[in-house]
Amino acid sequence: MLPLRFRLNARQFKTIYNSGEKYRGEFGMLVVKRDLALSNPKFGFVVSKKIGNAPTRHRMTRLLRNISMEVIKEYGLQEKPYLCQYIAFKFTDSYSQLKEEYGKQILKAFEVNEEDRVISN
């Protein structure tokens, strides 16, 4: 579960989409906007009906939430002031494929080097 402090407010979605930087991947697009007033990143997810029925869309959303929390911990992004919106447009049930793509998009957007990864035991 994504803690409340890491969730986007519903009113912020349109602003982020219109003025954020976009990073497109195979399964979706990450839209990121820097906001220096924040003390931590915030994430929101949009899953299109084109992906499938409600259980399929919810599965994709749960995967994205879980991956977001892992990426925040793995790369030490707790203090980065970004607003992030992920727009999913292709379904995948493969956790590893989605995590790999999402991780690459986050690294590009947050300008984090692969060497900065926090290795946890």
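Glu 79 counts as exposed, at 65% relative accessibility in this predicted model. The residue lies in the loop between α2 and β4. Apart from neighbours within four places in sequence, Glu 79 is in contact with Ser 39 and Pro 41. Pro 41 is 38 residues away from Glu 79 in sequence. In space, their C-alpha atoms are 7.0 Å apart.

The loop that holds Glu 79 leads into the chain segment of strand β4. This strand spans residues 82-88. Strand β4 is mostly covered, with seven of its seven residues buried. In a regular strand, side chains alternate between the two faces of the sheet. Tyr 82, Cys 84, Tyr 86 and Ala 88 point one way from β4. Leu 83, Gln 85 and Ile 87 point the other way. Residues of both sets are buried.

Strand β4 pairs with β2 and with β3. The pairing with β2 (residues 28-34) is antiparallel and runs over seven bridges. Here Gly 28 stands opposite Ala 88. The pairing with β3 (residues 42-47) is parallel and runs over six bridges. Phe 43 of the chain faces Cys 84 in β4 as its opposite residue. Val 47 has Ala 88 as its bridge partner in β4. Ala 88 is thus named in two places: opposite Gly 28, and as the partner of Val 47. Strand β3 is also mostly covered, with five of its six residues buried.

A helix completes the connection between β3 and β4. Strand β3, helix α2 (residues 54-74) and strand β4 make a β-α-β unit. The unit is left-handed.

Leu 63 has its place in helix α2. At 6% relative accessibility, Leu 63 counts as buried, because the cut-off for burial is under 20%. Leaving aside neighbours within four places in sequence, Leu 63 is in contact with Thr 92, Asp 93, Tyr 95 and Leu 98. Ser 94 is 31 residues from Leu 63 in sequence. The C-alpha atoms of Leu 63 and Ser 94 are 9.1 Å apart.

On the other side of the pairing scheme, β2 also pairs with β1. Strand β1 (residues 21-24) and β2 are antiparallel, with four bridges. The two strands form a hairpin, with three residues between them. Glu 21 has Val 32 as its bridge partner in β2.

Val 32 is found in strand β2. With a relative accessible area of 5%, Val 32 is buried. Residues up to four places away in sequence aside, Val 32 touches Gly 20, Glu 21, Tyr 23, Tyr 82, Leu 83, Cys 84, Ala 109 and Phe 110. Among these contacts, Tyr 82, Leu 83 and Cys 84 belong to the buried residues of β4. Glu 21 appears in the list too, as well as being the bridge partner of Val 32. Phe 13 is 19 residues from Val 32 in sequence, and their C-alpha atoms are 11 Å apart.

The protein as a whole has three helices and four strands. From the N terminus on, the elements run α-β-β-β-α-β-α. Of the 121 residues, 44% count as buried. Contacts were also examined by sequence separation. Among contacts between residues at least 6 apart in sequence, 83% join residues at least 24 apart.

The overall dimensions agree with a compact globule. For 121 residues, such a globule would have a radius of gyration near 14 Å, and the protein has 14 Å, so the two agree. Taken along the principal axes, the C-alpha atoms fill a box of roughly 35 × 35 × 25 Å. The protein exposes about 7100 Å². Carbon and sulfur atoms supply 49% of this area.

Confidence in the model varies along the chain. The protein averages a pLDDT of 87, and 92% of the residues score at least 70. Over residues 113-121, the pLDDT is below 50. Beyond near neighbours in sequence, this stretch has nine contacts in the model.

Terms used:
Residues numbered from 1 in each chain as written. Predicted model: local features only at pLDDT ≥ 70, side-chain atom pairs only at ≥ 80, totals over all residues. Heavy atoms only, no water. pLDDT = per-residue confidence, 0-100. Contact = heavy atoms within 4.5 Å. Buried < 20%, exposed > 50% of the residue type's maximum accessible area, 1.4 Å probe, protein only. Pairing = 2+ DSSP bridges. Right-handed = clockwise from strand over helix to strand, strands pointing away. Rg over C-alpha atoms; globule rule 2.2 N^0.38 Å. Areas by Shrake-Rupley, 256 points an atom, 1.4 Å probe, with all protein chains shown as cover.
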